[in-house]
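Reader: I should like to learn how helix packing, internal space and unusual backbone geometry are read from a model. Could you take me through such features one at a time?

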Amino acid sequence: MRRITRIATVGVASAALALSATACGGKNSSDSSSSTKEASAAIAYDIGGRGDQSFNDAAYEGLAKAEKDLQIKGAQAEPTDGEGEADKVQRLTELARKGNNPVIGVGFAYAPAIKKVAEKFPKTTFGIIDDTSVTAPNIANLVFNEEQGSYLAGVAAAKASKTGTVGFIGGVEVPLIKKFEAGFAQGVKDTNPNAKVLTQYLTQPPNFDGFAKPDLGKAAAEGQLDKGADVIYAAAGLAGSGAIEATAAKGKWAIGVDSDQYNQAGLAKYKNSILTSVTKDVSDSVFNLIKSVKDGKPESGEVRYGLDKDGVGLADSNPEYKKMTDVIAAVDKAKADIIAKKIEVKTAP
């Protein structure tokens, strides 16, 4: 997909949701600020950019809600193909210089850049999603128990599978995505010890195309389908849309990630094959940080969203999923047991 660096400019309209999973026209839309001078909060998108129907789009939803409910102006900035740390530093610096507060980096890749820029703007609050490695009084680390939501997906996959073989596709083999894999595999095995979990990662660092290229996700899903998988869970950002497409083409079940992908417009043609989605409340994390700054009590340090506070969960938008009473009962029991600490979910395979 084409990606351009985009900072809030006068009279440019709002764009579609952040870092979600399909290649749609959202990339051609600009940010929602009517004036850079008016902008008071900003988000810098991760790989894949806005319009991914997943992670980035969820972040945008939080900004859009803040614009509406808090009467603030928002700014957005997109990543560029093959960019380095210097590009991220420049992007965050420009957003901070324009007076945006907070400035939020969507994704762990912003950690080194936020560390540098936050030191230069001590009166500006910086948020980073999915990272706790960088800390400072003016940095809020917005993190999630992805493994808990993924465990529920594993339970649902094991119950819904007819072949006893399910698949996991990770975008890039990094510790964050390993959490998704670990929870999913544990949920599957705890539900059906005889089940087989096929696992594949699309790329290895420093190649992060596995979060951005749907064709990679599609090829991986096709391979797993050929091996008998009938439920496939992809934690791969924009690339995950390819996995959903391939799974739908074979009439099998896909499990979405980050956003409720059953309701994403860019995935509408595949929605009937999206059994459920592991959701992360990225939207609320963005909104809450913006609100805290506006209220004069900015969040700082680790702000964690888990199953106990509905910070992660499993969507039930698909009517077919709602008919699976045995699946829902198993998922509900697993959720209760995790919250009660009867089940400890692994964070690494």
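The dialogue below takes up helix packing, then empty space, then the backbone.

Author: Please note at the outset that this is a predicted model.

Reader: Let us begin with helix packing. At what angle do the axes of helix H4 and helix H5 cross?

Author: One looks at the distance between the axes and at the angle between them. Here H4 spans residues 146-160 and H5 spans residues 175-191; their axes come within 6 Å and cross at roughly 40°. H4 and H5 are therefore oblique to each other. The crossing of H4 and H5 is right-handed.

Reader: Which residues of H4 and H5 make the contact?

Author: On the H4 side, the contact residues include Ser-150, Tyr-151, Gly-154, Ala-157 and Ala-158. H5 contributes, among others, Leu-176, Phe-180, Gly-183, Phe-184 and Gly-187. By class, the residues of the contact of H4 with H5 comprise nine nonpolar, six polar and five charged.

Reader: How is H4 oriented relative to helix H10?

Author: The axes of H4 and H10 (residues 325-339) lie 9 Å apart, and the packing angle is about 150°. An angle over 145 degrees counts as roughly antiparallel, so H4 is roughly antiparallel to H10. The handedness of the crossing of H4 and H10 is right-handed. Among the H4 residues in this contact are Gln-148, Leu-152, Val-155 and Ala-156, and among those of H10 are Val-327, Ala-330, Val-331 and Ile-338. The contact of H4 with H10 has 10 nonpolar residues, one polar and three charged. Tyr-151, Val-155 and Lys-159 of H4 are listed in the contact with H5 and also in the contact with H10.

Reader: I turn now to empty space. How many cavities of 30 Å³ or more are found in the whole structure?

Author: Rolling a probe the size of a water molecule over the atoms shows where empty space is left. In this model, the search finds one cavity of 30 Å³ or more. The volume of the largest cavity is about 170 Å³. It is lined by 17 residues, of which Phe-55, Leu-176, Ile-177, Phe-211 and Asp-258 are the closest to its centre. H5 and strand E9 (253-258) are the elements that give two or more residues to this lining, and H5 supplies the largest share, three residues. The classes in the cavity lining are 11 nonpolar, two polar and four charged. Leu-176 thus appears twice in our reading: in the contact of H5 with H4 and in the cavity lining.

Reader: What volume lies in the largest pocket, and which residues are closest to its centre?

Author: The largest pocket holds about 420 Å³ of space. Its lining has 17 residues, and those closest to the centre are Ile-47, Glu-83, Lys-88, Ala-109 and Phe-208. Eight residues of the pocket lining are nonpolar, three are polar and six are charged.

Reader: Finally, the backbone. Where are the cis peptide bonds from Asn-101 and from Pro-205, and what is the phi of Asp-130?

Author: Most residues other than glycine have a negative phi, and most peptide bonds are trans. Here the bond from Asn-101 to Pro-102 is cis, with omega near 10°; Pro-102 sits in the loop between helix H2 (85-97) and strand E3 (103-105). The bond from Pro-205 to Pro-206 is likewise cis, with omega near 10°, and Pro-206 belongs to the loop between strand E7 (196-203) and helix H6 (214-226). Asp-130 is not a glycine, yet its phi is positive, about 75°. Asp-130 lies in the loop joining strand E4 (126-129) and strand E5 (139-144).

Technical notes:
Residues are numbered from 1 along each chain as its sequence is written. This is a predicted model: local features need pLDDT of at least 70, side-chain atom pairs count only at pLDDT 80 or more; totals for chains, interfaces and linings use all residues. Side-chain values use heavy atoms; hydrogens and water are left out. Axes are lines fitted to C-alpha atoms, for helices over the stretch in contact, and angles run from 0 to 180 degrees between N-to-C directions. Helices (H or I, at least four residues) and strands (E, at least two) are DSSP runs, numbered from the N terminus. Angles under 35 degrees count as roughly parallel, over 145 as roughly antiparallel, 65 to 115 as roughly perpendicular and the rest as oblique. A crossing is left-handed if the near helix is turned anticlockwise from the far one by less than a right angle, and right-handed if clockwise. Contact means heavy atoms within 4.5 Å. Ala, Val, Leu, Ile, Met, Phe, Trp, Tyr, Cys and Pro count as nonpolar, Asp, Glu, Lys and Arg as charged, and the others, Gly among them, as polar. On a 1 Å grid over the protein atoms alone, a cavity is a set of points where a 1.4 Å probe fits but cannot get out, and a pocket is an open set with protein on both sides within 12 Å along at least five of seven lines; lining residues have an atom within 4 Å of a point. Grid points are joined across faces, edges and corners, and a volume is the space filled by probe spheres set on the points.
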